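Please open the model in your viewer and keep the selection panel at hand. The stops below say what to select next and what is to be found there.

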There are 2 protein chains.
Amino acid sequence: MSLAHKDVTAGEALPPAPDHAGCTRVAPILQRIGDKWSILIVMVLGGGPRRFNELKRQIGGISQRMLTLSLRGLERDGLVTRTVTPSIPPRVDYALTELGDSLRAPMQAIGMWADTHYETIQAARANFDRRAEAE
Amino acid sequence: MSLAHKDVTAGEALPPAPDHAGCTRVAPILQRIGDKWSILIVMVLGGGPRRFNELKRQIGGISQRMLTLSLRGLERDGLVTRTVTPSIPPRVDYALTELGDSLRAPMQAIGMWADTHYETIQAARANFDRRAEAE
DNA sequence: CCGCATCCCTAAGGATACTG
DNA sequence: CAGTATCCTTAGGGATGCGG
């Protein structure tokens, strides 16, 4: 793990390039929320607290195993709270913390980007695959 | 795969919640760039074109296998160009496309977020693990 | 220098069945 | 309802060695 910050002399042509710090720190976080389900969960919880099976239904296609694990991860990172009401049947509510809520804005920036360029990317893929198939 | 857009009546308490569309479309894209290396590559290429081993060195800790695969993925999605100069020894340059470059902005939004809340998240994890260990 | 092919091991993740 | 536990299959990813 290095990501050398010195030695920027190698190449510096086209763009402004105002990054260079906090790159390696971003990766682990992006992976945390870049997994198959976490963003979906955050998105749904952005609409207010949800119960376990409510989440499961609204997300669609997730197993309870993965929902549990994903929620645990988000809870662990302080993005989501888990509130148990020990009634019968038991009731558990999940909600975004302030931290989790603050993630929604940058997330939507990516969302916008993805939505804007979705077709372009699909086209690029199709194109790439087509000429790859033609050897 | 559903993510029902209707039936928002279930819960709508705390936040403004201006999302609800393009959620399922975001996930695959986030996974594409949320893998272990892609963002790092995009970040480094943000500083200008790089050769293969140049990238490898600057990223640090990546195997050439994964670098190749990641670059192929990025190329396939039209985020990166691959330019071969058939000299001896051969020379291959990678650079961001306009599309790839446009990704840097939203990416840095997440980067900022991650950097800002890094400590908080670490603390939350430590806290969670501590009380989990205490059963 | 670039990168494909191979081997191999681990983690991710789905399906199902069972508990408080 | 809200999980936990188990099984099993696949994808991710490192190490190494060869080839243009």
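Begin by selecting K36(B) together with DNA strand D in this predicted model: an N or O atom in the side chain of K36(B) is placed 3.0 Å from a phosphate oxygen of the strand. Keep DNA strand D on display and add R51(A), whose side chain also has an N or O atom 3.0 Å from a phosphate oxygen of that strand. Then add R65(B), where the partner on DNA strand D is a base nitrogen, 2.6 Å from an N or O atom of the side chain.

Next, widen the selection to the protein surroundings of DNA strand D, which consist of 18 residues, the closest being N53(A), R82(A), Y94(A), R65(B) and M66(B). If you colour the secondary structure, you can see where at least two residues of this surface come from each of several elements, namely α3 (52-59), α4 (64-76) and β3 (91-96) of chain A, together with α4 (64-76) of chain B. Colouring by residue class instead shows 8 nonpolar, 5 polar and 5 charged residues on the surface near DNA strand D. When you turn to the strand itself, and take its atoms within 4 Å of the protein, you will find that 70% of them belong to sugar or phosphate, while the rest belong to bases.

Now move the selection to DNA strand C. Which residues are the closest to DNA strand C? They are K36(A), R65(A), N53(B), R72(B) and R82(B), out of 18 residues that surround the strand. Zoom in on K36(A), where a polar side-chain atom lies 2.7 Å from a phosphate oxygen of DNA strand C, and then on N53(B), which has a side-chain N or O atom 2.7 Å from a phosphate oxygen of that strand. At R82(B), a polar side-chain atom is found 2.3 Å from a phosphate oxygen of DNA strand C. Among the elements around this strand, α4 of chain A and, from chain B, α3 (52-59), α4 and β3 (91-96) give two or more residues to the surface. That surface divides into 8 nonpolar, 4 polar and 6 charged residues, and of the atoms of DNA strand C within 4 Å of the protein, 71% are part of sugar or phosphate, with the rest in bases.

For the next stop, hide the DNA and show chain A as a cartoon. Following the chain from its N terminus, you will pass elements in the order α-α-β-α-α-β-β-α-α, which amount to 6 helices and 3 strands. Of the 135 residues in chain A, 45% are buried, and the chain exposes about 7,200 Å², of which carbon and sulfur atoms supply 56%. If you display contacts between residues of chain A at least 6 apart in sequence, 41% of them join residues at least 24 apart.

Within chain A, select A109(A), which lies in helix α6 (residues 104-133). Is A109(A) buried or partly exposed? Its relative accessible area is 29%, so A109(A) is partly exposed. Adding P49(A) gives a pair that is 60 residues apart in sequence and 23 Å apart in space, from C-alpha to C-alpha.

Finally, colour chain A by pLDDT, which averages 83, with 82% of the residues scoring at least 70. Over residues 1-21 of chain A the pLDDT is below 50, although this stretch has 37 contacts in the model beyond near neighbours in sequence. Where pLDDT is low, the predicted coordinates should not be read in detail.

Technical notes: Residues numbered from 1 in each chain as written. Chains lettered and ligands numbered in written order. Predicted model: local features only at pLDDT ≥ 70, side-chain atom pairs only at ≥ 80, totals over all residues. Heavy atoms only, no water. Near = heavy atom within 4 Å. Polar contact = N/O pair within 3.5 Å; in protein donor to acceptor, adjacent residues only side chain to side chain. Helix = DSSP H or I, 4+ residues; strand = E, 2+ residues; numbered from the N terminus. Nonpolar A, V, L, I, M, F, W, Y, C, P; charged D, E, K, R; others polar. Buried < 20%, exposed > 50% of the residue type's maximum accessible area, 1.4 Å probe, protein only. Contact = heavy atoms within 4.5 Å. Areas by Shrake-Rupley, 256 points an atom, 1.4 Å probe, with all protein chains shown as cover. pLDDT = per-residue confidence, 0-100.
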